[in-house]
Protein chains: 2
Amino acid sequence: MRNHKSKKIMQEWEDRLSDHGYRVTSPRRVILDILAESCRPLTPLEVYDRAREKSPKIGLVTIYRTIEKMEELHLIDRVHDHSQCQTVFRATHGHQHLLICSDCGLSAYFDGLEMEDQFEGIGQSYGFQVTGHWLQLNGVCPDCQKQSRNA
Amino acid sequence: MRNHKSKKIMQEWEDRLSDHGYRVTSPRRVILDILAESCRPLTPLEVYDRAREKSPKIGLVTIYRTIEKMEELHLIDRVHDHSQCQTVFRATHGHQHLLICSDCGLSAYFDGLEMEDQFEGIGQSYGFQVTGHWLQLNGVCPDCQKQSRNA
DNA sequence: GTGCTTGCAAATTCTTTGCAACTTT
DNA sequence: AAAGTTGCAAAGAATTTGCAAGCAC
């Protein structure tokens, strides 16, 4: 049973693919549909399993390639999952968050801004019991800004 | 040239390992040292390369196993890296952030709280030009709370 | 018809596991 | 001496690439 909202998203997504010169094929529609409807983040393998129920001949490679394009068009986001992310940095105690240079990776911690207090309340308004969070800012550090100016 | 701060961290980390019944071995010291000193997040392979410079016989497996224990003791965090995280969820437009159930994955977006305005200022105080951010709250959704109560 | 897309098979890369030898406590 | 740890080799996963056939526009 498809709801209105995901129908609308589907249309929007298909248009976006077309507008960028990508083709709306039937395997792609299956994948778009799964991602539009899902109320939880999915891995490529999970998308693959669901896709095969609707279209048994679909290949895993198509999942990867479609996800790639969807991300390029900002239709989907990659969610932070501890068990997948192998990149590590020393932890701090308590209320600090990370600022990371997207060019060179240089990182610094900054203080929590009393945001954490808000987090619990936000969770509660959705009935969630908040147990943790992850906040990071991505940007360009002073050195990399200089270099791009000189380039 | 080691600075005071990373020396202090090293001591703290070694103590923490000992306190938990883990042994402070020389390969581990090399790895701890690299992670204490690094001013950017590192992948296991990057740690491995740096470790071999100091201790050529060290094995990649040791890196993985040491990172595992360090994470368990909360000495390091896993940083969100788009190129590694394959778990995807539909994107929203604009100022929304994600709330994710750590049990079942159920997710919801919540509004941005005008936090984004602060982000730029925070970045500037470190000389960074902020280009993006990732904020997600982890918690337990209503249904999963019920289930754990019944269990 | 043109050019993007698909699915297969194969190659690559990354991560985990089993085990005998070795260290730390 | 006991128990945790190491590195090797091998197994297992996950992701990417090459290519001929197929499909959308």
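**Strand pairing, chain interface and DNA contacts**

Strand β3 (residues 96-101) of chain B runs parallel to β5(B), and 4 bridges join the two. Within this pairing, Leu99(B) has Leu137(B) of β5(B) as its bridge partner. The model described here is predicted.

Strand β5(B) also pairs across the chain boundary. Its partner there is strand β5 (residues 129-140) of chain A. The two strands are antiparallel and share 11 bridges. One position in this pairing is Val140(A), which stands opposite Gln129(B) in β5(B). Strand β5(B) is thus bridged both to β3 of chain B and to β5 of chain A. In a regular strand, side chains alternate between the two faces of the sheet.

A further pairing links the chains. Strand β2 (residues 88-90) of chain A and strand β1 (residues 76-78) of chain B are joined by 3 bridges. These strands run antiparallel. Here Arg90(A) has Ile76(B) as its bridge partner in β1(B).

The interface between the chains was then examined as a whole. The size of an interface is often given as the accessible area lost when the parts come together. For chain B and chain A, about 6700 Å² is buried between them. Carbon and sulfur atoms carry 59% of that area. On the side of chain B, the residues that lose the most area to chain A are Arg78(B), Val88(B) and Phe128(B). Together these three make up 12% of what that side buries.

In terms of residues, 71 of chain B are in contact with 70 of chain A. Polar contacts join 42 residue pairs across the interface, counting pairs with both members at pLDDT 80 or more. Salt bridges between chain B and chain A number 0. Strand β5 (residues 129-140) of chain B gives the most to the side that touches chain A, with 12 residues. By class, that side of chain B holds 39 nonpolar, 23 polar and 9 charged residues.

Salt bridges do occur in the model. The count over all chains is 10. One of them joins the side chains of Asp33(B) and Lys54(B), at 2.8 Å from N to O. Asp33(B) lies in helix α2 of chain B and Lys54(B) in helix α3 (residues 44-54) of chain B, so the pair ties together parts that are 21 residues apart in sequence.

The surroundings of the DNA were considered strand by strand. Around DNA strand D there are 21 residues. Tyr64(A), Arg23(B), Arg28(B), Thr62(B) and Gln86(B) come nearest. Of the atoms of DNA strand D within 4 Å of the protein, 66% belong to sugar and phosphate. Individual contacts reach both base and phosphate. A polar side-chain atom of Arg23(B) lies 2.6 Å from a base nitrogen of DNA strand D. The side chain of Arg28(B) places an N or O atom 2.4 Å from a phosphate oxygen of this strand. For Thr62(B), a polar side-chain atom is 2.3 Å from a phosphate oxygen of DNA strand D. Three helices each give two or more residues to this surface: α4 (60-72) of chain A, α2 (26-37) of chain B and α4 (60-72) of chain B. The surface near DNA strand D consists of 9 nonpolar, 5 polar and 7 charged residues.

DNA strand C is likewise surrounded by 21 residues. Those that come nearest are Arg23(A), Arg28(A), Thr62(A), Gln86(A) and Tyr64(B). Sugar and phosphate again supply 66% of the atoms of DNA strand C that come within 4 Å of the protein. Two threonines of chain A approach phosphate oxygens of this strand. A polar side-chain atom of Thr25(A) is 2.9 Å from one phosphate oxygen. An N or O atom in the side chain of Thr62(A) is 2.4 Å from a phosphate oxygen. Arg65(A) addresses a base instead: an N or O atom of its side chain lies 2.7 Å from a base oxygen of DNA strand C. The elements that each supply at least two residues here are α2 (26-37) and α4 of chain A, together with α4 of chain B. The surface near DNA strand C has 9 nonpolar, 5 polar and 7 charged residues.

Key. Residues are numbered from 1 along each chain as its sequence is written. Chains are lettered from A and ligands numbered from 1 in the order in which they are written. Side-chain values use heavy atoms; hydrogens and water are left out. Contact means heavy atoms within 4.5 Å. Buried area is the accessible area (1.4 Å probe) that two parts lose on being put together, summed over both. A salt bridge is a side-chain nitrogen of Lys or Arg within 4 Å of a carboxyl oxygen of Asp or Glu. A polar contact is a pair of N or O atoms within 3.5 Å; within protein, one must be able to donate a hydrogen and the other to accept it, and residues adjacent in sequence count only if both atoms are side-chain atoms. Ala, Val, Leu, Ile, Met, Phe, Trp, Tyr, Cys and Pro count as nonpolar, Asp, Glu, Lys and Arg as charged, and the others, Gly among them, as polar. Two strands pair if DSSP finds at least two bridges between them. A residue is near a molecule or strand if one of its heavy atoms lies within 4 Å of it.
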